[in-house]
Amino acid sequence: MFNFLQARNLMRFAGRAIGIGDRMARDGSAAISLKHIEAYDAIAATGSTIAAAAELGISQSNASRLLQQLEDYLGVRLFEREKNRLQPTREGLQLGPEIRAISDRLRALKTAATELESGRSREIMLRLAFPASLSSTRVPKMLRAFLAANGPMRVEVASGSYLAIERMVADGEADIGFTRLPLVTPGLKQERVMPSHVTCALHEDHALTRRSSLSIGDLKGQDLIVLNRERPVRHQLEALFYQHGLRQRPLLEAHSVASACALAAEGLGIALVGNLIAREYAGRPLTLIPLEPDLPVTYCLVSSERNPLPKVAGLFLQTIADWPQ
């Protein structure tokens, strides 16, 4: 794969070539360009200026002129006519590989530039930041679809708390981050808002699994699993409990939705977690039942306000446009 070091070296080569071309122009001779190299390639492949002209989409006289200018610049004849076909001379045979190498490198440079412009390049890294509960479940599926649609690319996936994710994006360490509203860190742009709600995750054999919803009253006397006190949803839950006269302390506290769902899947209690993330653990022996009254939880994909969204990150957002439906 063409890399940036090769591109830098080729740019230096191109700069030298431009300098030579400028000097030739001042001397009254033609400057050598990629067109001359392409004409040489086509003539060497077809053995004819007529066929080469057809391949390049130019006139036969133009193809002959380009070859003549290249020969004048090099100071040697590259082809001689033999039985109605142009055959490489001894000098042409010796110089041919070097001329073709220049052509290949210039085409590679053009391809690399196109990939960089489109955002589809191995040299560009897509940097994502998701909570661990999603980076081990939903994110691998997202990346499989993204890479299938856009080809091989370099991707870095970081995990952390919502605050850590916000800081990574704001500091330019991640292109896209998943967090929960309201935002705490300044300098972030909301790319996509994803409304959700608190749901009750309980073992599939639990006595309450046949309910269509669970009220605060239904939770009285139940072993509860809640997220730690650093989460805003924890404070909202406690305020809701207080309003409905629920004074019991939770049995277990978890630091992630994944952990809370794993505890509930072992029959250790009812986990109160965001439904959008909890759905990723549907394969466990869990039943998800809405909490009444509804307690909204809003998630968001964010980028940095200071740094333009890289094209590769835009392609990623396009790929996951249907999520979380």
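**A walk through the predicted chain**

Okay, let's begin with the surface: the protein chain exposes about 17300 Å², and carbon and sulfur atoms supply 51% of that. Keep in mind that what we're looking at is a predicted model. How much of the chain is buried? Of its 325 residues, 41% are. In terms of secondary structure, you've got 13 helices and twelve strands. And here's one about contacts: take those in the chain with a separation of 6 or more, and 72% of them come from residues 24 or more positions apart.

Now let's go inside. The largest nonpolar core has 59 residues, and the members that touch the most other members are Phe178, Leu219, Leu272, Val273 and Ile277. Which helix gives the most to this core? That's helix H11, residues 257–265, with six residues. There's also a second, separate core of eleven residues, and Tyr40, Leu67, Phe79 and Ile99 are among them.

Let me stay with Val273 for a second. If you skip residues up to four places away in sequence, Val273 touches His197, Val198, Thr199, Ala201, Leu227, Val257, Ala260, Cys261 and Ala278.

Next, a pair of helices. A quick bit of background: two packed helices are described by the angle between their axes and the distance between the axes. Our pair is helix H2, residues 34–46, and helix H4, residues 60–74. They pack at an angle of about 110°, and their axes are 9 Å apart. So H2 is roughly perpendicular to H4, because angles of 65 to 115 degrees get that label. Which residues meet there? From H2 you have Lys35, His36, Ala39, Tyr40 and Ile43, and from H4 you have Ala63, Leu66, Leu67, Gln69 and Leu70. Tyr40 and Leu67 might ring a bell, since both belong to that second core.

Let's zoom in on His36, which sits in helix H2. Is His36 buried or exposed? Its relative accessible area is 4%, so it's buried, the cut-off being under 20%. Leaving out neighbours within four places in sequence, His36 is in contact with Ala31, Leu66, Gln69 and Leu70.

On to helix H8, residues 162–170. Its buried residues include Tyr162, Ile165, Glu166, Met168, Val169 and Ala170. What do the buried residues of H8 pack against? There's quite a list: strand E3 (125–130), strand E4 (154–159), strand E5 (176–180), E6, helix H12 (275–278) and E12. Just after H8, look for Gly172, which takes a positive phi of about 80°.

Hold on to Ala170 from H8, because it leads us to Arg306; the two touch, and Arg306 touches Asp171 as well, not counting residues up to four places away in sequence. The side chain of Arg306 has a polar atom 2.6 Å from the backbone oxygen of Ala170. Where is Arg306? You'll find it in the loop between strand E12 (296–304) and helix H13 (311–319). At 62% relative accessibility, Arg306 counts as exposed, because the cut-off for that is over 50%. One more thing to try on the structure: Arg306 and Lys189 are 117 residues apart along the chain, and their C-alpha atoms are separated by 9.1 Å.

Strand E6, residues 188–203, is where we find Ser196. Ser196 has 13% relative accessibility, so it counts as buried. Which backbone nitrogen lies 3.1 Å from a polar atom of the Ser196 side chain? It belongs to Leu276. Apart from neighbours within four places in sequence, Ser196 is in contact with Gly274, Asn275, Leu276, Pro296, Val297 and Tyr299.

Last stop: Asp218, in helix H9, residues 216–219. Asp218 has a relative accessible area of 21%, so it's partly exposed. Its side chain and that of Arg211 are joined by a polar contact of 3.1 Å. A polar atom of the Asp218 side chain also lies 2.9 Å from the backbone nitrogen of Ser215. Setting aside neighbours within four places in sequence, Asp218 is in contact with Leu208, Arg211 and Ser213. And if you look for Leu291, 73 residues from Asp218 along the chain, the C-alpha atoms of these two are separated by 9.7 Å.

That's my tour, thanks for listening!

Methods: Residues numbered from 1 in each chain as written. Predicted model: local features only at pLDDT ≥ 70, side-chain atom pairs only at ≥ 80, totals over all residues. Heavy atoms only, no water. Helix = DSSP H or I, 4+ residues; strand = E, 2+ residues; numbered from the N terminus. Buried < 20%, exposed > 50% of the residue type's maximum accessible area, 1.4 Å probe, protein only. Contact = heavy atoms within 4.5 Å. Polar contact = N/O pair within 3.5 Å; in protein donor to acceptor, adjacent residues only side chain to side chain. Areas by Shrake-Rupley, 256 points an atom, 1.4 Å probe, with all protein chains shown as cover. Core = buried A, V, L, I, M, F, W, Y, C linked by side-chain atoms within 4.5 Å. Axes fitted to C-alpha atoms, helices over the stretch in contact; angles between N-to-C directions. Parallel < 35°, antiparallel > 145°, perpendicular 65-115°, else oblique.
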